[in-house]
Amino acid sequence: MPANSTRIRLQPANTSRIPFWGQIFIGTIWIVYTLALIFTDSGLNDMHFLHYVFLIFSVVYLGYVLVHNAPVFGTQSYLEFTPGYIVHKAGLFRPKQVFAAESITRLEMAPRQVRVHTKDDGTYALSLREVRGRKRKRQLMEQLRTFAIKYQIPLVDAQAPA
């Protein structure tokens, strides 16, 4: 990673209705159940190949849950401050959002989010609920202030008392 870029790791957004360990449990139950059906099948059923198809889908589901929620392939959710750009990546299966300093009209720090106002596309809200730990939050705020000062972008602190 270049020395003049700063990447802040984000936790995956917890938008799923079933928590991570619940999804792991469901996937494991599916695999165990399918293996039990395969080993106890006496060959009377002509559709026994469906057990193998379901087993493959169960393993793919479990792999998807692990890759999406755990850092199996490194940091997949991050906010990065590079020279002239702010890059936001929300997860492995989501595209990067790149905000050029020239197109940012204003940065706004709200209590639980950072709003990036751009000239062309409007407003983007970056959730701070994904930033875990005081050190990371402090580092994010410092990088945001430094970025705003360096590129003369107005920084509005909506969370400061009036």
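In which helix is the place of Tyr52? Tyr52 sits in helix H2, which spans residues 49-69. The views below show a predicted model.

**View 1. Tyr52 and a nonpolar surface patch.** Met47, Phe49, Leu50, Tyr52, Val53 and Phe57 make a nonpolar patch of about 600 Å² on the surface. Tyr52 has a relative accessible area of 44% and is therefore partly exposed, as this value lies between the 20% and 50% limits for buried and exposed.

**View 2. The annotated transmembrane segments.** An unreviewed UniProt entry carries the annotation "transmembrane region" for residues 20-40 and 49-67. In the model, residues 20-40 are 100% helix and 0% strand. The C-alpha atoms at the ends of this segment are 30 Å apart. Residues 49-67 are likewise 100% helix and 0% strand, with 27 Å between the end C-alpha atoms.

**View 3. The surroundings of Leu10.** Leu10 is found in the loop that runs between strand S1 (6-9) and helix H1 (20-40). Its relative accessibility is 6%, so Leu10 counts as buried; the limit for this class is under 20%. Apart from neighbours within four places in sequence, Leu10 is in contact with Ser77, Tyr78, Leu79, His88, Lys89, Glu130 and Val131. One of these contacts, Lys89, is 79 residues from Leu10 in sequence, with a C-alpha to C-alpha distance of 8.8 Å.

**View 4. The aromatic pair of Phe99 and Tyr124.** The whole structure holds six aromatic pairs. Phe99 and Tyr124 form a tilted pair, at 4.9 Å centre to centre and with 55° between the planes. This pair links distant parts of the chain, 25 residues apart: Phe99 belongs to strand S4 (residues 96-100) and Tyr124 to strand S7 (residues 122-127). Phe99 is buried because its relative accessible area is 3%, whereas Tyr124, with a relative accessible area of 24%, is partly exposed.

**View 5. The aromatic pair of Phe147 and Tyr151.** The ring centres of Phe147 and Tyr151 are 4.9 Å apart and the planes meet at 50°, so this pair is tilted; the tilted class lies between the 30 and 60 degree limits. Phe147 has a relative accessible area of 5% and is therefore buried. Tyr151 has a relative accessibility of 24%, so Tyr151 counts as partly exposed.

**View 6. An aromatic cluster.** Trp30, Phe54 and Tyr61 form one aromatic cluster.

Notes. Residues numbered from 1 in each chain as written. Predicted model: local features only at pLDDT ≥ 70, side-chain atom pairs only at ≥ 80, totals over all residues. Heavy atoms only, no water. Patch = residues over 30% accessible without salt bridge, like charges linked within 9 Å, V, L, I, M, F, W, Y side chains within 5 Å. Areas by Shrake-Rupley, 256 points an atom, 1.4 Å probe, with all protein chains shown as cover. Salt bridge = Lys/Arg side-chain N within 4 Å of Asp/Glu carboxyl O. Helix = DSSP H or I, 4+ residues; strand = E, 2+ residues; numbered from the N terminus. Buried < 20%, exposed > 50% of the residue type's maximum accessible area, 1.4 Å probe, protein only. UniProt positions renumbered as here; feature names shortened; annotations may be inferred. Contact = heavy atoms within 4.5 Å. Phe/Tyr/Trp six-rings, centres within 6.5 Å; stacked < 30°, edge-to-face > 60°.
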